[in-house]
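Fresh page in the notebook today. I wanted to get a feel for the whole chain before settling on a couple of residues to look up.

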Amino acid sequence: PDSSYLPTDPAEFANRILHSAYLGTSNSSDGTKNFAAELANQIGNYHLTVNFDSAIAAIVALFELVSGRRPQFRAHGGSWAENQSLQN
């Protein structure tokens, strides 16, 4: 670390110390993705947009392996708990 560092402005400082990530899936809207990116831009922090579909697929596959059933959205016959877990 550079002990003589002094921030030049708030956004530059935020970019050094704040990091955020939008973990979107195929079920996520462009609106929430854009909102996250714009908020990070206004603050000045470092921001990533990451497609999280492969991680979700792995978690669902593991759940199916352990439980013997595949969680479904409520609109497709799943329970409230399944619906919530797939949304979040």
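**Entry 1: burial and surface.** I began with burial, keeping in mind that this is a predicted model. Of the 88 residues in the protein, 14% come out as buried. I then looked up the surface: the protein exposes about 6,800 Å², and carbon and sulfur atoms account for 59% of that area.

**Entry 2: layout.** I counted the secondary structure next and found four helices and two strands. Going along the sequence, I wrote down the pattern α-β-α-β-α-α. The protein is more spread out than a compact globule, because its radius of gyration is 19 Å, well over the 12 Å that the globule rule gives for 88 residues. I also noted the span of the C-alpha trace along its principal axes, about 60 × 30 × 20 Å.

**Entry 3: contacts and charges.** I took the contacts between residues at least 6 apart in sequence and asked what share join residues at least 24 apart. That share is 51%. For charges, I have 5 positive and 8 negative in the protein, and their mean positions lie 13 Å apart.

**Entry 4: Asn45.** Where does Asn45 sit? I found Asn45 in the loop between helix H2 (30-43) and strand S2 (46-51). Is Asn45 buried or exposed? Its relative accessible area is 11%, and the cut-off for buried is under 20%, so Asn45 counts as buried. I was pleased to find a partner for its side chain: a polar contact of 2.7 Å links Asn45 to the side chain of Ser20. Setting aside residues up to four places away in sequence, I listed what Asn45 touches: Ala14, Asn15, Leu18, His19, Ser20 and Ala40. Ser20 therefore turns up twice in my notes, as a residue touched by Asn45 and as its polar partner, and Asn45 is buried.

**Entry 5: Phe73.** My second pick was Phe73, which belongs to the loop between helix H3 (53-67) and helix H4 (80-87). I get a relative accessible area of 26% for Phe73. Partly exposed runs between the 20% and 50% cut-offs, so Phe73 is partly exposed. Which residues does Phe73 contact, leaving aside neighbours within four places in sequence? My list reads Asn27, Gly78, Asn83, Leu86 and Gln87. I looked at Leu86 once more: Phe73 and Leu86 are 13 residues apart along the chain, and 6.8 Å separates their C-alpha atoms.

Note on methods: Residues are numbered from 1 along each chain as its sequence is written. This is a predicted model: local features need pLDDT of at least 70, side-chain atom pairs count only at pLDDT 80 or more; totals for chains, interfaces and linings use all residues. Side-chain values use heavy atoms; hydrogens and water are left out. The radius of gyration is taken over C-alpha atoms; the globule rule is 2.2 Å times the number of residues to the power 0.38. Buried means under 20% relative accessible area, exposed over 50%, partly exposed in between (1.4 Å probe, protein chains only). Contact means heavy atoms within 4.5 Å. Accessible areas come from the Shrake-Rupley method with a 1.4 Å probe; for residues, only the protein chains shown count as cover. Lys and Arg count as positive and Asp and Glu as negative; His and the chain ends are not counted. The place of a charge is taken as NZ of Lys, CZ of Arg, CG of Asp or CD of Glu. A polar contact is a pair of N or O atoms within 3.5 Å; within protein, one must be able to donate a hydrogen and the other to accept it, and residues adjacent in sequence count only if both atoms are side-chain atoms.
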